[in-house]
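Got your viewer open? Here is a walk through the model, one selection at a time.

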Amino acid sequence: MARTMFIITGMSCAACSARIETRLRGLNGAAGVGVNLATAILTVELDSNLNKTDIIAAVEKMGFGITEKKEDMTVIDNDKEARGLRIKFIISAIFCLPLFYISMAPMITFLPFSLPSPIIFCPDENPLNFAIFQLILTIPIVIAGYKFYSIGFKRLVRLAPNMDSLIALGTAAAFLYSLYATYLIITTDHAHIAHQSIYFETTGVIITLMLLGKSLESLSKGRAREAIMKLIELAPKTAFVIVDGVEKEINISDVQIGDIISVKPGAKIPVDGLVTNGNTAVDESMLTGESMPVDKHAGDGVFAATLNTSGHILFRADKIGADTALAQIIRLVEDAQGSKAPIARLADVITSRFVPVVCAVALTAGVIWFFSTWNIEFALSVFIAVLIISCPCALGLATPTAIMAATGKGAENGILIKDAEALETLRKTSVVVFDKTG
């Protein structure tokens with residue numbers, strides 16, 4: 001079995017990752033399939049009956065983007081996504097606050113004083129203004145949250161609804177019914193409709209809160225990835241290679257096995273190798289935890305990202321790129337962050353079945369209440385309520401994000417955790433044994 005990793009784009013919730021896993025496990029020749037929503041990484045073991053193109057084709061057919069993860073592709077840059085979500089949230093919040101105030105101020109009667117509401121937007125005196133102004137404020141919010149609709153309805157068409165589908169259905173139902181109520185106000189001038197049938201604030205507030213949640217999720221994932229970025233930054237970006245007896249500075253990616261590399265005092269070792277000339281002391285604390293520098297002579301091994309403290313040495317590059325000890329540590333941390341604890345697998349099973357069940361329950365509840373009361377407004381409110389409150393996006397994201405944060409923080413402090421299952425088992429530990437370095 002060949003273990004291969006891919007980067008998935010377009011996932012928005014645990015239902016997406018669970019669907020990819022279910023589809024790929026059905027392919028002959030695929031084993032050990034796992035999708036980590038927090039890292040957006042798919043891990044799969046392939047045998048001779050299946051190749052990478054089959055995996056890519058299967059994932060793309062489901063509507064997701066996929067690229068093979070190369071050795072130098074350690075993490076996905078999360079800054080752009082986080083900035084975009086933050087901007088969308090700010091825009092929606094700017095329009096949501098006056099929308100919420102105008103729609104709800106006339107209904108707040110339990111306070112000892114009345115909230116000021118401009119007469120021009122009073123639902124009793126000016127019902128059309130009340131409806132039209134809310135519509136104007138809601139449209140920019142819907143535009144800011146357009147991805148809920150583009151992703152949610154696309155998944156519905158594919159008969160694979162996700163959390164975005166719940167949000168899209170609920171807010172679209174509220175928006176469209178409010179448009180119908182606005183039409184009735186224009187054509188019949190019934191003021192009571194403005195009180196009872198305008199749900200624009202429902203659409204606006206829900207989208208705004210969901211954008212806030214997405215922004216916080218993206219921020220937490222970005223912080224969890226910082227540990228790997230710090231490990232990557234430990235290695236120098238260039239190396240001084242001896243070419244025809246002259247030192248030449250080249251990019252670290254251009255170093256070849258067998259190159260003779262010069263390292264002066266105070267510089268970091270660029271790759272793993274064996275000392276060929278010179279004597280020095282190397283600070284290897286980032287690798288071993290040992291605080292005292294280790295003496296190095298001809299024939300001794302040196303490791304990437306360790307610090308040359310005193311002498312000038314020449315060494316032969318023996319391991320480069322993904323084969324260095326530092327790269328293997330980074331890979332270990334990535335594997336731990338991408339692994340799934342037993343509790344995470346349970347959450348994935350629940351979320352994979354959750355969305356279709358919620359859609360069915362919401363529709364059933366709406367239909368039952370409509371035929372019980374013959375009140376379309378109340379039935380719609382029940383339908384929307386069931387859809388919206390049943391959006392546990394955090395259910396599928398909380399565990400992998402917690403694992404990312406824990407393994408990342410451990411790596412920062414020199415503690416390497418093999419996988420999520422080991423981390424979950426750690427709670428049963430009663431004795432910890434340390435060696436002399438830690």
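Leaving aside its neighbours within four places in sequence, which residues is Met-11 in contact with? Select Met-11 and look around: the contacts are Cys-16, Ser-17, Ile-20, Val-35, Asn-36, Leu-37, Ala-40 and Phe-64. Keep in mind as you go that this is a predicted model.

**The big core**

Met-11 is a good way into the largest nonpolar core, which has 41 residues. Add Ile-20, Leu-24, Leu-42, Ile-55 and Val-59 to your selection: together with Met-11, they touch the most other members. Now colour the elements that each supply at least two residues of this core: strands β1 (2-9), β2 (30-36) and β3 (41-46), along with helices α1 (14-25), α2 (52-61), α6 (163-188), α11 (342-373) and α12 (376-389). Helix α12 gives the largest share, six residues. A second core, separate from that one, has 23 residues; pick out Cys-96, Ala-168, Ala-172 and Ile-198, which are among them.

**Zoom out for a moment**

Show the whole protein chain as a cartoon, and you have 14 helices and 13 strands to look at. The chain has 438 residues, and 43% of them are buried. Take the contacts between residues at least 6 apart in sequence: 70% of these join residues at least 24 apart. Switch on the surface next. The chain exposes about 22100 Å², with carbon and sulfur atoms supplying 63% of that.

**Salt bridges**

How many salt bridges are there? The count comes to six, and here are three stops among them.

Start in helix α1, where Glu-21 and Arg-25 both lie, four residues apart, or about one turn of the helix. They form a salt bridge, and the closest N and O atoms are 3.4 Å apart. Is Glu-21 buried or exposed? It is buried, because its relative accessible area is 4%, and the cut-off for buried is under 20%.

Next, select Glu-68 and Lys-52. Their side chains meet in a salt bridge at 2.7 Å, N to O. Glu-68 sits in strand β4 (residues 65-68) and Lys-52 in helix α2, so this pair ties together parts that are 16 residues apart in sequence. Turn on the surface around them: Glu-68 is partly exposed at 23% relative accessibility, and Lys-52 is partly exposed as well, with a relative accessible area of 35%.

For the third stop, go to Asp-164 and Lys-214, whose side chains meet in a salt bridge at 4.0 Å, N to O. What does this pair tie together? Asp-164 belongs to helix α6 and Lys-214 to helix α8 (residues 200-234), so the pair links parts that are 50 residues apart in sequence. You'll want to hide the surface here: Asp-164 is buried, with a relative accessible area of 2%, and Lys-214 is buried too, at 15%.

**Rings**

Now show the aromatic side chains. There are eight aromatic pairs in the structure. The rings of Tyr-177 and Tyr-180 have centres 6.2 Å apart and planes at 45°, so the pair is tilted. Both lie in helix α6, three residues apart, about one turn of the helix. Check how much of each you can see: Tyr-177 is buried, with a relative accessible area of 14%, whereas Tyr-180 is partly exposed at 45%. Add Tyr-199 to the selection and you have a cluster of three residues linked by ring pairs: Tyr-177, Tyr-180 and Tyr-199.

Then move on to Phe-371 and Trp-374. Their ring centres lie 5.4 Å apart with planes at 85°, so this pair is edge-to-face. Phe-371 counts as partly exposed, with 49% relative accessibility, while Trp-374 is exposed, with a relative accessible area of 60%.

**Last stop: a nonpolar patch**

Bring the surface back and select Leu-128, Ile-132, Ile-136 and Ile-186. These residues make a nonpolar surface patch of about 340 Å². Which helix gives the most to the patch? Helix α4 (residues 127-144) does, with three residues. Leu-128 has its place in that helix, α4, and is partly exposed at 35% relative accessibility.

How values were computed. Residues numbered from 1 in each chain as written. Predicted model: local features only at pLDDT ≥ 70, side-chain atom pairs only at ≥ 80, totals over all residues. Heavy atoms only, no water. Patch = residues over 30% accessible without salt bridge, like charges linked within 9 Å, V, L, I, M, F, W, Y side chains within 5 Å. Areas by Shrake-Rupley, 256 points an atom, 1.4 Å probe, with all protein chains shown as cover. Buried < 20%, exposed > 50% of the residue type's maximum accessible area, 1.4 Å probe, protein only. Core = buried A, V, L, I, M, F, W, Y, C linked by side-chain atoms within 4.5 Å. Contact = heavy atoms within 4.5 Å. Phe/Tyr/Trp six-rings, centres within 6.5 Å; stacked < 30°, edge-to-face > 60°.
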